[in-house]
Amino acid sequence: MKYDRRLQRSPFIPDFWGKASSTNQAGISTHSIVYHSLDVAAVGAELIWRDRGRLTRIAAAIGIEVATLRSALPFLLALHDIGKYARVFQAKSPDHWPLVLGPYRQIPPGNSHVTTGFQMLVEFSDDGPVREIFDAVMPGWSASERKVLFRALAGHHGKPPEEGKRPSIGPEDVCPACVAAAQEHILAMYALLQPGALPRRSQNELTILSVGVSGLFVLADWIGSAETWFEYAAPIDGDETFGLYWRHARAAAKAAVDQAHVSPAVVQNFGGTSQFLPDGRTPSPVQAFAETAPLPKGPSLTIVEDV
């Protein structure tokens, strides 16, 4: 299933800010939802590549090919902040109110973008013009099964969405213009990232998948939100598919993951206590003893007291 982006243009998408600061020293005061989403998706793809063992264990536990997970997860991450396409969220920075939403006016408090995003994913995957995309990525999944993964995705701040809240979709919050922008965002991310299809799995296996990737979603958003590595960027002229920015985000993600020091450590053979001591120092007698003392077989807790 492929979409021709020439037929799916909504040039106002970059007008919706995802991160904003009126005091940004670089001179650019906003970073669009779509650019931030690609930052986070790029970090997720890089983390997956660096920690292939973890993804392999998750895939084996639920019976899904590693390549399929590697293909689908960046696309899902690109939807993590879909709840920011909402009047309530955009009103948090009146100076950056999108023109497509009409004149700015004070908006009553509403749901968080986490809860709103969860509601939007559930609604869009059940009905509307982007339902086909979710059917392609999650073929045969029931609504309740999709919710398992949507909860993990919406909970990218470390806390699941509040499902008992009032509906966000409506003229005062996720208005028709917000819905159109959010759906175009989903179309664009699908066309750009071309995710594979996740086969349907049992409830228990979906729980394993959800728990297994929730940490990835949180970490990817944490790194991808840092201006140290992902500076605010103005829309790139002519980049209607967002492919140019995606290449920029992938390069930035490599540096970000390197400098964040979150990649799995390489286990080395023990080279003796001396390797932990300053140059010229030698182990004390008790340190030397602990280095060579025989240990019992099996799990044990051994305490060596130096008196």
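# Exercises on helix packing and a pocket

H1 and H8 lie oblique to each other in this predicted model. The exercises below start from that pair.

**Exercise 1. Work out how H1 and H8 are oriented, and state which residues meet.**

Step 1. Take the geometry: H1 packs against helix H8 (residues 176–193) at an angle of about 40 degrees, and the axes are 11 Å apart.

Step 2. Apply the cut-offs: angles under 35 degrees count as roughly parallel, and 65 to 115 as roughly perpendicular. The angle of H1 and H8 is therefore classed as oblique.

Step 3. Add the hand: the crossing of H1 past H8 is right-handed.

Step 4. List the residues: from H1 come Ile-33, Val-34, Ser-37 and Leu-38, and they meet His-185, Met-189 and Leu-192 of H8. Sorted by class, this contact of H1 with H8 holds five nonpolar and two polar residues, with no charged ones.

**Exercise 2. Give the order of secondary structure elements and the overall dimensions of the protein.**

Step 1. Count the elements: the protein has 11 helices and two strands.

Step 2. Read from the N terminus: the order is β-β-α-α-α-α-α-α-α-α-α-α-α.

Step 3. Take the extents: the C-alpha trace spans about 75 × 50 × 35 Å along its principal axes.

**Exercise 3. Helix H2 packs on H3 and on H9; describe each packing.**

Step 1. Begin with H3 (residues 66–77): its axis and that of H2 are 9 Å apart, at an angle of about 110 degrees. Since 65 to 115 degrees counts as roughly perpendicular, H2 and H3 are therefore roughly perpendicular to each other. Their crossing is right-handed.

Step 2. Name the partners: Arg-52, Leu-55, Thr-56, Ile-58 and Ala-59 of H2 make the contact with Val-66, Leu-69, Arg-70 and Leu-73 of H3. The classes in the contact of H2 with H3 are six nonpolar, one polar and two charged.

Step 3. Turn to H9 (residues 203–224): its axis comes within 9 Å of the axis of H2 (residues 52–62), and the two cross at roughly 170 degrees. That angle makes H2 roughly antiparallel to H9, because angles over 145 degrees are counted that way. The crossing of H2 and H9 is left-handed.

Step 4. Name the partners again: H2 contributes Ile-58, Ala-61 and Ile-62, while H9 contributes Glu-205, Ile-208, Leu-209 and Gly-212. In the contact of H2 with H9 there are five nonpolar residues, one polar and one charged.

Step 5. Compare the two lists: Ile-58 of H2 appears in the contact with H3 and also in the contact with H9.

**Exercise 4. Describe the largest pocket: which residues lie closest to its centre, and which element gives the largest share of its lining?**

Step 1. Start with the volume: the largest pocket holds about 280 Å³ of space.

Step 2. Locate the centre: 17 residues line the largest pocket, and those closest to its centre are Leu-47, Asp-51, Arg-54, Leu-216 and Leu-219.

Step 3. Assign the lining to elements: helix H1 (33–50), H2 and H9 each give two or more residues to it. H9 gives the largest share, six residues.

Step 4. Sort the lining by class: 11 residues are nonpolar, three are polar and three are charged.

Methods
Residues are numbered from 1 along each chain as its sequence is written. This is a predicted model: local features need pLDDT of at least 70, side-chain atom pairs count only at pLDDT 80 or more; totals for chains, interfaces and linings use all residues. Side-chain values use heavy atoms; hydrogens and water are left out. Axes are lines fitted to C-alpha atoms, for helices over the stretch in contact, and angles run from 0 to 180 degrees between N-to-C directions. Helices (H or I, at least four residues) and strands (E, at least two) are DSSP runs, numbered from the N terminus. A crossing is left-handed if the near helix is turned anticlockwise from the far one by less than a right angle, and right-handed if clockwise. Contact means heavy atoms within 4.5 Å. Ala, Val, Leu, Ile, Met, Phe, Trp, Tyr, Cys and Pro count as nonpolar, Asp, Glu, Lys and Arg as charged, and the others, Gly among them, as polar. On a 1 Å grid over the protein atoms alone, a cavity is a set of points where a 1.4 Å probe fits but cannot get out, and a pocket is an open set with protein on both sides within 12 Å along at least five of seven lines; lining residues have an atom within 4 Å of a point. Grid points are joined across faces, edges and corners, and a volume is the space filled by probe spheres set on the points.
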